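Work through these short exercises with the structure open beside you. Try each task before you read its solution.

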Amino acid sequence: MSTDILETLDLRTMQKECARALLTMDGTSHGIAHFNKQARHNSQNWYKAVLREYIEEHGGLPCDVGPAKNLVLFSEKIGL
């Protein structure tokens with residue numbers, strides 16, 4: 001899957017996919033520091049950087065492939 005899909009995602013979907021991806025990555029400050037460098041204080045660029053890395057490693061969005069595929073977010077459990 002191409003990372004071009006990131007340009008078509010709405011903000012909430014991007015946030016949810018990013019949350020799934022982060023649950024499978026190194027969540028330490030060291031582990032996420034390189035995303036901060038790519039984003040330059042822009043949260044949407046930060047989400048895209050996380051998802052770009054996930055797509056490059058696993059071949060698709062977290063809801064579709066890889067270790068995050070079966071994760072259910074709390075917000076989804078309560079219907080948000």
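**Exercise 1.** Find the residue just after α3 that takes a positive phi.

Solution. Go to the end of α3. Just after it, Gly-59 has a positive phi of about 90 degrees. Helices here are DSSP runs (H or I, at least four residues), numbered from the N terminus. This is a predicted model: local features need pLDDT of at least 70, side-chain atom pairs count only at pLDDT 80 or more, and totals for chains, interfaces and linings use all residues. Residues are numbered from 1 along each chain as its sequence is written, and side-chain values use heavy atoms, with hydrogens and water left out.

**Exercise 2.** Work out which elements give two or more residues to the largest nonpolar core.

Solution. A nonpolar core is a set of buried Ala, Val, Leu, Ile, Met, Phe, Trp, Tyr and Cys residues joined through side-chain atoms within 4.5 Å. Buried means under 20% relative accessible area, exposed over 50%, partly exposed in between (1.4 Å probe, protein chains only). The largest core has 17 residues; Trp-46 and Val-50 are among those with the most contacts inside it. The elements are α1 (11-22), α2 (29-39) and α3 (43-58). The largest share, seven residues, comes from α3.

**Exercise 3.** Explain why Cys-63 forms no bond with the closest cysteine sulfur.

Solution. A disulfide is a pair of cysteine sulfur atoms within 2.5 Å. The closest cysteine sulfur to that of Cys-63 is in Cys-18, 13 Å away, so it is too far for a bond. The whole structure has zero disulfides. Now compare accessibility. Cys-18 is buried, because its relative accessibility is 1%. Cys-63 is at 32%, so this residue counts as partly exposed.
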